[in-house]
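Visitor: Got a few minutes? I'd like to go through a structure with you.
Guide: Sure. Let's bring it up and take it piece by piece.

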Amino acid sequence: MGPAPGWTDKLLTGIDEIDQQHQVLFDVAARLDLAVTSEEKWSAVHFALVELTNFVNIHFAVEEALMRLHRYPELDAHIADHRKFSRELAEIKAHSIQDDVSAKMTDLVRNWLVEHIGKFDRDYVPHLRTAPVSKTKKD
Ligand SMILES: [Fe+2]
Ligand SMILES: [Fe+2]
């Protein structure tokens, strides 16, 4: 099985855990494509959207924790872009209950992934590689 549509090695950050998660996100987006054309469309689309939302939440939590740990100065802007996407996903999910979900929606998801990873995620890489881990603990 080759890479999922939309994924290219240009999106690699060099941080293994992050790169694996990004590739899973494209895999899940590809499953959403399949769901859109499946016979049991509504339940398949709904399941794929739940899967995507769950994994997006996990990925955002991991990235945000890493950026916090390294005291990344652009943390707030990065989190804002994550939240914007979460809101869009929630809208798509709500929309999918009433209306037909088209392949256009998956394109939207994929475009966001490509743009966010290529810009916001790429930007934290040099900082995460060089800045020391913060010693401050909350507990
Ligand atoms: Fe990411
Ligand atoms: Fe991100």
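Visitor: Let me start with one residue. Is Arg31 buried, partly exposed or exposed?
Guide: Arg31 is partly exposed, with a relative accessible area of 40%. Keep in mind that this is a predicted model.

Visitor: What does Glu51 form with Arg31?
Guide: A salt bridge. The closest N and O atoms of Glu51 and Arg31 are 2.8 Å apart. Glu51 sits in helix H2 and Arg31 in helix H1, so the pair ties together parts that are 20 residues apart in sequence.

Visitor: And Glu51, how exposed is that one?
Guide: Glu51 is partly exposed, with a relative accessible area of 23%.

Visitor: Why would two side chains pair up like that?
Guide: Side chains of opposite charge can pair when their charged atoms come close.

Visitor: How many salt bridges does the structure hold?
Guide: Four. Two of them involve Arg110: one with Asp33, another with Asp107.

Visitor: Take Asp33. Which parts of the chain does that pair link?
Guide: Distant ones. Arg110 is in helix H4 and Asp33 in helix H1, 77 residues apart. The closest N and O atoms of Arg110 and Asp33 are 2.7 Å apart.

Visitor: Where does Asp107 lie relative to Arg110?
Guide: Both are in helix H4, three residues apart, about one turn of the helix. For Arg110 and Asp107, the closest N and O atoms are 3.7 Å apart. Put the bridges together, and Asp33, Asp107 and Arg110 are linked in a network.

Visitor: Is Arg110 buried or exposed?
Guide: Arg110 counts as buried, at 10% relative accessibility. The cut-off for buried is under 20%. Asp33 counts as partly exposed at 23%, and so does Asp107 at 37%.

Visitor: New topic: metals. What coordinates the iron ion called ligand 1?
Guide: His22 (NE2), His59 (NE2), Glu63 (OE) and Asp121 (OD) coordinate the iron ion (ligand 1), at 2.0 to 2.2 Å. Along the chain, these donors follow the spacing H-x36-H-x3-E-x57-D.

Visitor: Where do His22 and Asp121 sit?
Guide: In distant parts of the chain. His22 is in helix H1 (residues 16-36) and Asp121 in helix H4 (residues 103-130), 99 residues apart. His22 is buried, with a relative accessible area of 0%. Asp121 is buried too, with 0%.

Visitor: Why is the arrangement around that ion irregular?
Guide: Look at the angles. The four donor atoms around the iron ion (ligand 1) subtend angles of 82 to 169°, which makes the arrangement irregular. To be tetrahedral, four donors would need all angles between 85 and 135 degrees.

Visitor: What about ligand 2? Which protein donors does that iron ion have?
Guide: Glu63 (OE), His78 (NE2), His82 (NE2), His116 (NE2) and Asp121 (OD). These atoms lie 2.1 to 2.3 Å from the iron ion (ligand 2). The spacing along the chain is E-x14-H-x3-H-x33-H-x4-D.

Visitor: Glu63 came up twice. What does Glu63 bridge?
Guide: Both iron ions, ligand 2 and ligand 1, which lie 3.5 Å apart. Glu63 is in helix H2 (residues 41-69), while His82 is in helix H3 (residues 75-98), 19 residues apart. Glu63 counts as buried at 1% relative accessibility, and His82 counts as buried at 0%.

Visitor: Let's leave the irons. How many residues are in the largest nonpolar core?
Guide: It has 26 residues. Those with the most contacts inside the core include Phe26, Leu52 and Val56. H1, H2, H3 and H4 each supply at least two residues of this core. H1 gives the most, with eight residues.

Visitor: What does Val56 touch?
Guide: Leu25, Phe85 and Leu89, not counting residues up to four places away in sequence. Apart from this core lies another one, of nine residues, among them Ile18, Tyr124, Val125 and Leu128.

Visitor: Last one. Where does Thr13 lie?
Guide: In the segment before H1. Thr13 is buried, with a relative accessible area of 8%. Leaving aside neighbours within four places in sequence, Thr13 is in contact with Ile18, Asp19, His22, Val125 and Arg129.

Key
Residues are numbered from 1 along each chain as its sequence is written. Chains are lettered from A and ligands numbered from 1 in the order in which they are written. This is a predicted model: local features need pLDDT of at least 70, side-chain atom pairs count only at pLDDT 80 or more; totals for chains, interfaces and linings use all residues. Side-chain values use heavy atoms; hydrogens and water are left out. Donors are N, O and S atoms within 2.8 Å of the metal (3.2 Å for Na, K and Ca); water is not among the atoms, so sites may look incomplete. Helices (H or I, at least four residues) and strands (E, at least two) are DSSP runs, numbered from the N terminus. Buried means under 20% relative accessible area, exposed over 50%, partly exposed in between (1.4 Å probe, protein chains only). Four donors count as tetrahedral if all angles lie between 85 and 135 degrees; four count as square planar and six as octahedral if opposite donors are over 155 degrees apart and all others between 65 and 115; anything else is irregular. A nonpolar core is a set of buried Ala, Val, Leu, Ile, Met, Phe, Trp, Tyr and Cys residues joined through side-chain atoms within 4.5 Å. Contact means heavy atoms within 4.5 Å. A salt bridge is a side-chain nitrogen of Lys or Arg within 4 Å of a carboxyl oxygen of Asp or Glu.
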